[in-house]
Amino acid sequence: MYEGLDVTTKERVCWITLNRPDKLNALTPGMLYALRRVFDEIDDDPDICVAVLRGAGERAFCAGMDLEWSASLTRADRVEQGRLGEKTFAMMERLSVPVFAAVHGYAVGGGLELALGADFIVAHENARMGLVEITLSARPPHRPKMTEDGDPDQPEYGGNAPGWGGTKRLPERVGKARAKEMLFTGVRLDAARALQTGLVNSVFPAGEFDDRVAGLAERIAAMNRYNLRLVKELVHGGYDWIEPHPS
């Protein structure tokens, strides 16, 4: 069992589903540790060629960090939760096989940072995506209702920014200028704008989303696992493949 996750493997595809739909699949410490366990198992399983990360329910892929978890943190805990999230998403980024995120509904804050740790993202036409952390301490009317009395994560001195790798990975996807605009404003992009900026690779219509995601996963899974691993290593390392293995 994996806390807050549903994990199934079929036909060389590992389906990892965030399974807290009543909480918009918000992340808890237990879920992050469970994801790390799943990533370890995927890397060691020769029968898995691709992993798909998705969210349960109709409303969200992932709404980010669980609010109850956030409210319970001490100053020291806040440092450690940042490290936990970043290390977890870095593990996914380093998986030997491809992993892509299939995003529907909301993917905001830590939820988008999770998706950015995947090799690429595909989106449902209803997707809404953004790194919204800066708005939590903004002046009205840009501050969300959930923090209308103040941002509990804003320190008295210093600042607060996305802490699970978003400030690094978002510019790699959309370029520095677009990333800065998104980060400075906390805007949530709709699926069409996310496609235009390069944040997502494809947008699928509502009635086709599940089938198109499954078809993409099945196509990748049909490839040779060693070649998938090789290509991923070459792209991540920025290497050229000069000499093939001897036959």
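This report walks through the fold, a sheet, the aromatic pairs and some backbone details of a predicted model.

## The chain as a whole

Let's start with the overall picture. The chain has 247 residues, and 47% of them count as buried. Its secondary structure comes to nine helices and 10 strands.

Contacts that reach across the sequence are well represented here: taking those between residues at least 6 apart, 71% join residues at least 24 apart. The accessible surface is about 13,500 Å² in total, and carbon and sulfur atoms account for 50% of that area.

## A four-stranded open sheet

One sheet to look for is built from four strands in the order E4-E6-E8-E9; this sheet is open, and its pairing is mixed. Its edges are strand E4 (60-62) and strand E9 (189-190); each has a single partner strand, so one side of each has no neighbour in the sheet.

Further in, strand E6 (residues 106-108) runs parallel to its partner E8, and three bridges connect the two. If you would like a place to find this pairing on screen, tyrosine 106 stands opposite arginine 128 in E8.

## Alanine 60 and its surroundings

Strand E4 is also home to alanine 60. Is this residue, alanine 60, buried or exposed? With a relative accessible area of 2%, alanine 60 is buried, because the cut-off for that label is under 20%.

Which residues surround it? Setting aside neighbours within four places in sequence, alanine 60 is in contact with Leu24, Asn25, Gly55, His104, Gly105 and Tyr106. Tyr106 in that list is the residue that stands opposite arginine 128. Aspartate 22 lies 38 residues from alanine 60 along the chain, and the C-alpha atoms of the two are 9.8 Å apart.

## Aromatic pairs

The structure holds three aromatic pairs, and two of them are described here. In the pair of phenylalanine 89 and tryptophan 164, the ring centres are 5.5 Å apart and the planes meet at 90°, an edge-to-face arrangement. This pair links distant parts of the chain, 75 residues apart: phenylalanine 89 belongs to helix H3 (residues 75-93), while tryptophan 164 sits in the loop between strand E8 (128-130) and helix H5 (166-174). Both phenylalanine 89 and tryptophan 164 are buried.

Phenylalanine 100 and phenylalanine 120 make a stacked pair, because their planes are at 5°, with the ring centres 5.1 Å apart. Here too distant parts of the chain are linked, with phenylalanine 100 in strand E5 (residues 99-103) and phenylalanine 120 in strand E7 (residues 120-124), 20 residues apart. Phenylalanine 100 and phenylalanine 120 are both buried.

## Backbone details worth a look

Most residues other than glycine have a negative phi, and most peptide bonds are trans. Against that background, a few places deserve a visit. The peptide bond from proline 140 to proline 141 is cis, with omega near 10°. Proline 141 is found in the loop between E8 and H5, the loop that also holds tryptophan 164.

Two residues other than glycine have a positive phi: glutamate 11, near 50°, and asparagine 25, about 60°. Glutamate 11 lies in the loop between strand E1 (5-10) and strand E2 (13-18), and asparagine 25 in the loop between E2 and helix H1 (29-43). Glutamate 11 is exposed, with a relative accessible area of 66%, whereas asparagine 25 is buried at 0% relative accessibility. Asparagine 25 is also one of the residues in contact with alanine 60.

Technical notes
Residues are numbered from 1 along each chain as its sequence is written. This is a predicted model: local features need pLDDT of at least 70, side-chain atom pairs count only at pLDDT 80 or more; totals for chains, interfaces and linings use all residues. Side-chain values use heavy atoms; hydrogens and water are left out. Rings of Phe, Tyr and Trp (its six-membered ring) pair if their centres lie within 6.5 Å; planes under 30 degrees apart count as stacked, over 60 as edge-to-face and the rest as tilted. Buried means under 20% relative accessible area, exposed over 50%, partly exposed in between (1.4 Å probe, protein chains only). Contact means heavy atoms within 4.5 Å. Accessible areas come from the Shrake-Rupley method with a 1.4 Å probe; for residues, only the protein chains shown count as cover. Two strands pair if DSSP finds at least two bridges between them.
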